[in-house]
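Please read the following note with the coordinates open beside it. The points are grouped by element and by contact type, and each term is given its cut-offs where it first appears.

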Amino acid sequence: MANEATINPHGLKILAATYLQGVDLTRIDEAWEIVVRVHKGIRHFSGELYVIHLLEVASTLASMHLDLDTILAGLLHGVLKEGAGGKEGIVTVDELAEKFGKDVAAIVQGSTRITQVHYSGKLVSQAENLRKMLLAMASDIRVLLVKLIDRLLDMFLLDMVDREQQLDIARETMDVYAPLASRLGIDWLKRELEDHAFRFLYPEEHYELSNKLESSLDERQAYVDEVIKILYEKLQQNGIKPLRIIGRPKHLYSIYKKLIAQNIPLERVYDKVAFRIIVSTVNECYESLGTIHADWSPVPGRIKDFISVPKANNYQSMHTTVVGPRDHFIEIQIRTEEMDRVAQEGVAAHWAYKEGQKINKNDAKLFRELKKLVASLQEVEDPREFLDSVIGELYDPEVYALTPTGEVKEFCLGSCPIDFAYSIHTEVGDHCVGAKVNGRQVPLKYQIQTGDIVEIMTSPTQIPRQGWLDLVKTSRARTRIRSWLRREEKEKALKLGREICEREIRKYDTSLKKIIKSGHIRLILKQLRCNSLDDLLAKVGSGAITVQNLIKGLQPAELRREQEVQTSELPPEELANLMVSQQQGGESGQGKSGIKIDGIDGMLIKISQCCQPLPGDPIVGFITMGRGVSIHKADCINLLSSDPKRWIDVSWSGIVEKHYKVGIHISAENQRGIFAEISGAISSDNANIVDISAHTTETDRAEMSISLEVGHLEHLNTLMQHLRQLPAVIAVRRL
């Protein structure tokens with residue numbers, strides 16, 4: 001069996017030496033020493049030694065002809081993972097920077113998953129790791145290259161993990177990593193990631209499709225040979241000498257997508273093979289297209305010129321679908337040698353970090369677009385919304401439109417001028433009032449078509465509107481609109497909260513300014529559990545802090561005392577026992593409510609309606625004269641402003657009641673069917689609606705306060721998380 005002593009990076013050095021002439025490759029040996037020391041005895045999830053996996057990552061990066069820093073980072077990218085086996089602190093970022101340079105250290109750090117922080121859930125952990133990678137990618141694209149190759153090699157070995165982990169990794173690969181490979185223009189890597197993810201996400205469909213294609217392999221190969229021969233003859237007859245013509249089967253997932261999208265059987269997918277014609281010049285690309293169309297009828301709407309209008313990832317090619325021999329649809333791509341290299345290798349085709357080489361303008365444009373993508377996600381805090389926004393930003397573009405200056409913008413189907421405006425700049429989007437398409441004014445609901453020249457019209461008085469969310473299709477536009485609406489809502493809440501506070505404070509012959517100056521504001525913020533004055537004002541304005549609770553915080557302490565002199569000095573246990581003896585025929589609430597008071601039986605228990613605690617919430621009992629013990633959440637504002645001498649320790653136990661009342665507040669887009677969608681989600685989670693009040697705001701937002709019956713805290717948290725996942729829901733909070 002192999003061990004670290006029998007494995008070495010000799011093959012990696014030979015591979016790197018084939019294209020890195022004059023570069024000091026002894027740094028690979030130095031990196032290997034660290035890798036072996038840190039990962040000695042550690043195994044990859046596949047069971048093989050972890051150092052083998054790292055060597056394969058570095059070797060794949062070398063096969064892409066990437067620079068030495070990237071290769072070193074691929075080799076070292078596991079050494080910061082708490083030692084990848086619990087040996088924390090063996091290698092630090094500073095040590096890597098000192099030994100291999102700041103670039104290598106930064107790439108390794110950006111490629112390292114966050115493992116030191118224990119997140120509250122898988123969703124949060126996934127979001128934070130992805131956020132970290134994207135931020136690092138914006139500074140150095142090589143971070144993403146290392147992560148992509150690392151993920152690809154993991155996908156080869158995914159059979160070794162349990163089904164749940166397979167699904168998690170495959171879904172993330174399909175939704176995030178494959179689209180990112182596409183953004184970098186690395187076509188082979190995108191296809192590999194998609195096909196591997198497809199195998200684990202839809203194993204039955206993958207098995208059936210691959211078997212059917214395998215059974216018809218000989219027939220398809222004969223057809224490919226026939227078409228290639230005809231293409232050579234037709235082109236040479238017209239004076240065009242193609243460098244080569246290639247016929248390759250489309251990858252499985254692209255065929256599967258076509259089956260699903262068009263709802264057709266495999267037998268009706270005729271373009272299972274894509275043909276690629278490589279010629280010497282751009283002129284020959286267009287001449288070849290004309291020659292093909294002269295003999296084979298083109299399919300309307302399937303001719304795409306990415307030579308004169310390249311994709312954002314620098315991809316250039318001429319695409320056409322024609323009715324070929326025996327009336328089969330065949331897809332043909334026509335490009336030059338350099339275009340083909342860029343199409344296959346993407347950003348690695350002319351690597352910006354090679355020694356003495358400046359970044360070319362096409363790569364610079366791609367990096368700017370990726371940085372804009374990262375910037376557009378910076379303000380998204382909610383983990384679910386962040387992940388949805390990332391996936392939404394990585395759509396496969398189907399519409400290509402131009403600015404008046406000729407800059408190409410890419411969109412998904414159905415995008416409107418507002419999407420176009422936000423793709424230019426947030427300010428342009430916020431103030432968009434209309435657009436001219438091909439010189440003709442169009443409404444904001446107009447759907448942009450490929451080839452449109454779009455000119456955005458703006459006005460300083462225009463602001464985003466709630467209804468825009470029904471028009472836009474891109475995640476970037478949706479995120480920016482929601483962000484603006486939230487800021488506007490907060491500003492309104494601040495203004496209203498300030499007015500309410502000033503009004504109530506005047507009753508005590510003082511002002512907000514005087515309270516701030518005296519320092520009493522710190523006590524009020526502490527009592528009401530607010531981080532700052534703005535936090536207090538916003539909570540008052542939004543209703544999170546009621547006027548009643550605000551008044552309690554503002555009142556002098558002597559006005560808030562509710563205790564009686566006779567019992568003020570009694571310990572809580574004695575006071576509670578006294579109350580039990582005074583109850584006449586009162587029924588104990590301990591069994592019914594599931595509340596336990598140590599050492600005391602027969603006490604009347606009441607669940608407080610001001611904070612509505614649920615099983616699972618930390619709770620404290622408050623002794624009320626003649627009315628038993630009132631149960632509050634430990635952080636209830638009413639409890640914190642009461643006399644601590646009346647507090648008593650209580651706990652949840654033996655819960656008999658199946659339902660507890662609790663209030664939630666929902667902010668959502670005011671669209672048709674929203675109430676039915678929300679009530680359906682609540683019903684699906686086995687919760688009951690007791691009461692509901694709702695209104696719409698000036699910005700056409702639906703605000704709902706709902707009283708529910710739930711079983712316990714975890715039940716409520718699950719329900720609130722499901723509500724937040726509804727597309728129209730903006731915010732959900734517990735009252």
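1. Which residue is the bridge partner of Val 279 in β5? The bridge partner is Thr 336. It should be said at once that this is a predicted model, in which local features need pLDDT of at least 70 and side-chain atom pairs count only at pLDDT 80 or more, whereas totals for chains, interfaces and linings use all residues. Residues are numbered from 1 along each chain as its sequence is written, and side-chain values use heavy atoms, with hydrogens and water left out.

2. Strand β5 covers residues 329–336, where helices (H or I, at least four residues) and strands (E, at least two) are DSSP runs numbered from the N terminus. Two strands pair if DSSP finds at least two bridges between them; strand β2 (residues 273–279) runs parallel to β5 and is joined to it by 6 bridges. On the antiparallel side of the account, strand β4 (residues 318–323) pairs with β5 over 6 bridges, and within this pairing Thr 321 has Glu 331 of β5 as its bridge partner.

3. The β4 and β5 strands form a hairpin with 5 residues between them, and Arg 326 in the turn has a positive phi of about 60°. Strand β5 is mostly covered, since 7 of its 8 residues are buried, where buried means under 20% relative accessible area, exposed over 50%, and partly exposed in between, with a 1.4 Å probe and protein chains only.

4. The structure holds 21 salt bridges, each being a side-chain nitrogen of Lys or Arg within 4 Å of a carboxyl oxygen of Asp or Glu. One of them joins Arg 335 to Asp 340, with the closest N and O atoms 2.8 Å apart; Arg 335 counts as buried at 2% relative accessibility, and Asp 340 counts as buried at 6%. Arg 244, Arg 276, Arg 335, Glu 337 and Asp 340 are linked in a network of salt bridges.

5. Within that network, Glu 337 forms a salt bridge with Arg 244, and the closest N and O atoms are 2.8 Å apart. Glu 337 lies in helix α15 (residues 337–345) and Arg 244 in strand β1 (residues 244–249), so the pair ties together parts that are 93 residues apart in sequence. Both partners are partly exposed, Glu 337 with a relative accessible area of 38% and Arg 244 with 27%.

6. A salt bridge within a single helix is found between the side chains of Arg 191 and Asp 187, at 2.9 Å from N to O. The two residues lie in helix α10 (residues 187–201), 4 residues apart, which is about one turn of the helix. An α-helix has 3.6 residues a turn, so residues three or four places apart point the same way. Arg 191 is buried, with a relative accessible area of 17%, whereas Asp 187 is partly exposed at 24%.

7. For aromatic contacts, rings of Phe, Tyr and Trp (its six-membered ring) pair if their centres lie within 6.5 Å, and planes under 30 degrees apart count as stacked, over 60 as edge-to-face and the rest as tilted. By this rule the count comes to 8 aromatic pairs. The rings of Phe 198 and Tyr 202 have centres 6.2 Å apart and planes at 50°, so this pair is tilted. Phe 198 is buried at 0% relative accessibility, while Tyr 202 is partly exposed at 28%, and ring pairs link these two residues with Tyr 253 and Tyr 256 into a cluster.

8. A charge sits over a ring if NZ of Lys or CZ of Arg is within 6 Å of the ring centre and within 35 degrees of the ring normal. Lys 234 lies over the face of Trp 296, at 5.6 Å from the ring centre, and the charged end of Lys 311 sits over the ring of Phe 306, 5.0 Å from its centre.

9. Helix α23 (residues 533–542) is mostly covered, with 7 of its 10 residues buried, among them Leu 533, Asp 535 and Leu 536. Elsewhere, Ser 683 has its place in helix α28 (residues 674–684) and is partly exposed, with a relative accessible area of 49%. The C-alpha atoms of Ser 683 and Leu 719 are separated by 9.6 Å, although these residues are 36 apart along the chain.
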